[in-house]
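Trainee: I would like a close look at a single part of this model, namely the sheet and whatever packs against it. Please explain each term with its cut-offs as you go.

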Amino acid sequence: MTAERVNPPELSPAAGFSHAVVATGSRVVFLAGQTALDVDGKVVGETLPQQFERALANLLTALRAAGGTPADLARVTVYATDVADYRAHAAELGRIWRRSAGRDYPAMAVIGAVRLWDEQALVELDGFAVLA
């Protein structure tokens with residue numbers, strides 16, 4: 001995939017995301033929402049950063065199984081049950097992202113959710129990738 005990150009100077013500086021991603025490739029991979037489920041289907045992690053790290057790992061595992069890499073991500077949506085908590089941990093979540101997925105950020109959004117499918121889940125990530 002080729003991905004052009006577009007961050008116009010007329011918009012606020014993009015920190016931890018890209019305003020737009022122009023992706024060119026031949027395959028699109030749609031990634032289902034991933035929470036901090038372990039292999040036994042149990043939510044692991046007590047804190048938002050712990051759950052974010054596991055949910056991101058699960059998302060990247062699905063992506064790799066489909067033949068992609070983190071650089072192929074064009075869009076990721078984060079659903080958080082407490083957006084204020086997410087903002088409070090933004091720097092730590094950014095470090096987790098960079099360590100796991102690198103510095104090529106997809107277009108992203110954070111959406112507040114009253115509750116996720118797994119009652120104990122604090123965060124869920126979904127997205128799509130474009131593969132060459």
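Mentor: A residue is called buried under 20% relative accessible area, exposed over 50% and partly exposed in between, with a 1.4 Å probe and protein chains only. By that rule Thr35 is buried, because its relative accessible area is 5%. This is a predicted model, in which local features need pLDDT of at least 70 and side-chain atom pairs count only at pLDDT 80 or more, while totals for chains, interfaces and linings use all residues. Residues are numbered from 1 along each chain as its sequence is written, and side-chain values use heavy atoms, with hydrogens and water left out.

The sheet itself is open and consists of 4 strands in the order S3-S6-S4-S5, with mixed pairing; strands (E, at least two residues) and helices (H or I, at least four) are DSSP runs numbered from the N terminus, and two strands pair if DSSP finds at least two bridges between them. Strand S3 (27-34) and strand S5 (107-112) are the edge strands, each of them pairing on one side only. On average, neighbouring strands of this sheet are turned by 10° against each other, direction ignored, where axes are lines fitted to C-alpha atoms (for helices, over the stretch in contact) and angles run from 0 to 180 degrees between N-to-C directions.

Going through the pairs in turn, S3 and S6 are antiparallel and share 6 bridges, and Leu31 has Gly127 as its bridge partner in S6. Strand S6 (residues 123-131) also runs antiparallel to strand S4 (residues 73-80), to which 7 bridges join it. Gly127 of S6 is the bridge partner of Val76, and Gly127 is thus a partner both for Leu31 and for Val76. Further along this pairing, Thr77 stands opposite Asp126 in S6, and Ala80 stands opposite Val123 in S6. The parallel component of the sheet is the pairing of S4 with S5, made by 6 bridges; here Tyr79 has Ile111 of S5 as its bridge partner.

As for how covered these strands are, 6 of the 8 residues of S4 are buried, and that strand is mostly covered. In S6, 8 of the 9 residues are buried, so S6 is largely enclosed by the rest of the structure.

Now to what packs on the sheet. Helix H1 (residues 48-65) lies across S3, S4 and S6 and runs at about 30° to S6. The axis of H1 comes within 10 Å of the axis of H3, and the two cross at roughly 25°. Angles under 35 degrees count as roughly parallel, over 145 as roughly antiparallel, 65 to 115 as roughly perpendicular and the rest as oblique, and H1 and H3 are therefore roughly parallel to each other. Their crossing is right-handed, meaning that the near helix is turned clockwise from the far one by less than a right angle, whereas an anticlockwise turn would be left-handed. The residues that make this contact (heavy atoms within 4.5 Å) include Phe52 and Leu56 of H1 as well as Ile96 and Trp97 of H3.

The largest nonpolar core (buried Ala, Val, Leu, Ile, Met, Phe, Trp, Tyr and Cys residues joined through side-chain atoms within 4.5 Å) has 24 residues, and those with the most contacts inside it are Phe52, Leu73, Val76, Trp97 and Leu125. Two or more residues are given to this core by each of S3, H1, S4, helix H3 (90-101) and S6, and H1 provides the largest share, 7 residues.

Two of these residues show how sheet and helices meet. Leaving aside residues up to four places away in sequence, Leu125 touches, among others, Ala32, Phe52, Leu59, Val76, Val78 and Trp97. Trp97 lies in helix H3 and counts as buried, because its relative accessibility is 3%. Beyond its neighbours within four places in sequence, Trp97 has contacts that include Phe52, Leu73, Val76, Tyr105, Met108 and Leu125.

Also in helix H3 is Gly94, which is buried, given its relative accessible area of 17%. Gly94 lies 16 residues from Val78 in sequence and 13 Å from Val78 in space, C-alpha to C-alpha.

Finally, to return to Thr35, this residue is found in the loop between S3 and H1. Not counting residues up to four places away in sequence, Thr35 touches Arg54, Ala55, Asn58, Asp118, Ala121, Val123 and Glu124.
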